[in-house]
Amino acid sequence: MPMQRLMYGLALRLGLCPEDAADAVQETLLRLWRNRLGLPDQQEALRAYCLTALRNECVSKKRRIFPMTSADELAEISDNLSFEDAEQSDSVRHIQRLIETLPSSQQRVLILSSMYHLDTAEIAKATGLSPGNVRQLLSRGRKRLRDLLNRID
């Protein structure tokens, strides 16, 4: 319950309307309550676990709201997209693929930093790493991404 406001904000950032975001938070809290004996003991690990569970619930909810479309519908949607929207979407997918090529420790800290907006101390607590190690992984991961992006351009 203490993380309910944080979870609601994340659900809104993930693109759900306020009503669906509240439903997703309630569903996640209910699922967590049922599995309360298997939850992590550390506060930051619990926070990361809850936010991941909420993200998964939001993805499922969006899939139920927007089911897969046929090829004809996709063609019609893509005709309506502007060039800038398509380019930005391609860029995001490309960066996600580049992040997947990084070592798992760099992937984890980059995702916690950029997607969940955690600071170095919070990432250190969630991962069990030292703050210095987190800063080093973030720096090396960002540098590697820059190198990969510059190599393609």
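Which residues does Glu44 touch, not counting residues up to four places away in sequence? In this predicted model, Glu44 touches Glu122, Lys125 and Ala126 under that exclusion. Glu44 has its place in helix α3, and it is buried, with a relative accessible area of 15%. The report below sets this residue within the fold, then turns to the largest pocket, individual helices and selected residues.

## Overall architecture

The protein chain has eight helices and zero strands. Along the sequence, the pattern is accordingly written α-α-α-α-α-α-α-α. The protein chain holds 153 residues, and buried residues make up 27% of them. Its accessible surface comes to about 10,600 Å², and carbon and sulfur atoms account for 53% of that surface.

The contacts can also be described by sequence separation. Among contacts in the protein chain with a separation of 6 or more, 61% are between residues 24 or more positions apart.

## The largest pocket

The largest pocket has a volume of about 590 Å³. Its lining consists of 18 residues, and Arg55, Val92, Gln96, Ile111 and Met115 are the ones that lie nearest the pocket centre. By residue class, the lining divides into ten nonpolar, four polar and four charged residues.

Which helices each supply at least two residues of this lining? They are α1 (4-13), α3 (43-65), α5 (83-100) and α6 (104-114). The largest share comes from α5, which provides five residues.

## Helix α1 and the residue that follows

The buried residues of α1 are Met7, Leu10 and Ala11. Seen down the axis of α1, these buried residues fall within an arc of 100°, so they line one face of the helix. The face turned away from the buried side of α1 carries the exposed residues Arg5 and Arg13. Just after α1, Gly15 takes a positive phi of about 100°.

## Helix α6

In α6, the buried residues are Gln106, Val109, Leu110, Leu112 and Ser113. They cover an arc of only 165° around the axis, which puts them on the same side of α6.

Two of these buried residues can be followed through their contacts. Gln106, in helix α6, is buried at a relative accessible area of 11%. Not counting residues up to four places away in sequence, Gln106 touches Leu137, Arg140 and Gly141.

Leu110 is likewise found in helix α6. Is Leu110 buried or exposed? Leu110 is buried, because its relative accessible area of 7% lies under the 20% cut-off. Leaving aside neighbours within four places in sequence, Leu110 is in contact with Leu102, Met115, Leu138, Gly141, Arg142 and Leu145. One of these partners, Met115, is also among the residues nearest the centre of the largest pocket. Gly141 appears in the contacts of Leu110 and in those of Gln106. The C-alpha atoms of Leu110 and Leu137 are separated by 8.2 Å, although the two residues are 27 residues apart along the chain.

## Helix α3 and the loop after α7

Besides Glu44, helix α3 contains Leu46. Leu46 is buried, with a relative accessible area of 17%. Its contacts, not counting residues up to four places away in sequence, include Met3, Leu39 and Pro40. Leu46 and Met3 are 43 residues apart along the chain, and their C-alpha atoms are separated by 10.0 Å.

Gly128 has its place in the loop between α7 (120-127) and α8 (131-152). Where Glu44 is buried, Gly128 is exposed, with a relative accessible area of 65%. The C-alpha atoms of Gly128 and Ala45 are separated by 8.9 Å, with their positions 83 residues apart along the chain counted as the separation. The contacts of Glu44 with Glu122, Lys125 and Ala126 involve positions that fall within the range of α7 (120-127).

## Selected C-alpha separations

The three residue pairs discussed above are collected here.

| Residue pair | Separation along the chain | C-alpha distance |
|---|---|---|
| Leu46 and Met3 | 43 residues | 10.0 Å |
| Gly128 and Ala45 | 83 residues | 8.9 Å |
| Leu110 and Leu137 | 27 residues | 8.2 Å |

Notes. Residues numbered from 1 in each chain as written. Predicted model: local features only at pLDDT ≥ 70, side-chain atom pairs only at ≥ 80, totals over all residues. Heavy atoms only, no water. Helix = DSSP H or I, 4+ residues; strand = E, 2+ residues; numbered from the N terminus. Buried < 20%, exposed > 50% of the residue type's maximum accessible area, 1.4 Å probe, protein only. Contact = heavy atoms within 4.5 Å. Areas by Shrake-Rupley, 256 points an atom, 1.4 Å probe, with all protein chains shown as cover. 1 Å grid on protein atoms, 1.4 Å probe; cavity = no way out; pocket = protein on both sides within 12 Å on 5 of 7 lines; lining within 4 Å. Points joined across faces, edges and corners; volume = space filled by probe spheres on them. Nonpolar A, V, L, I, M, F, W, Y, C, P; charged D, E, K, R; others polar. Arc of directions from axis to C-beta.
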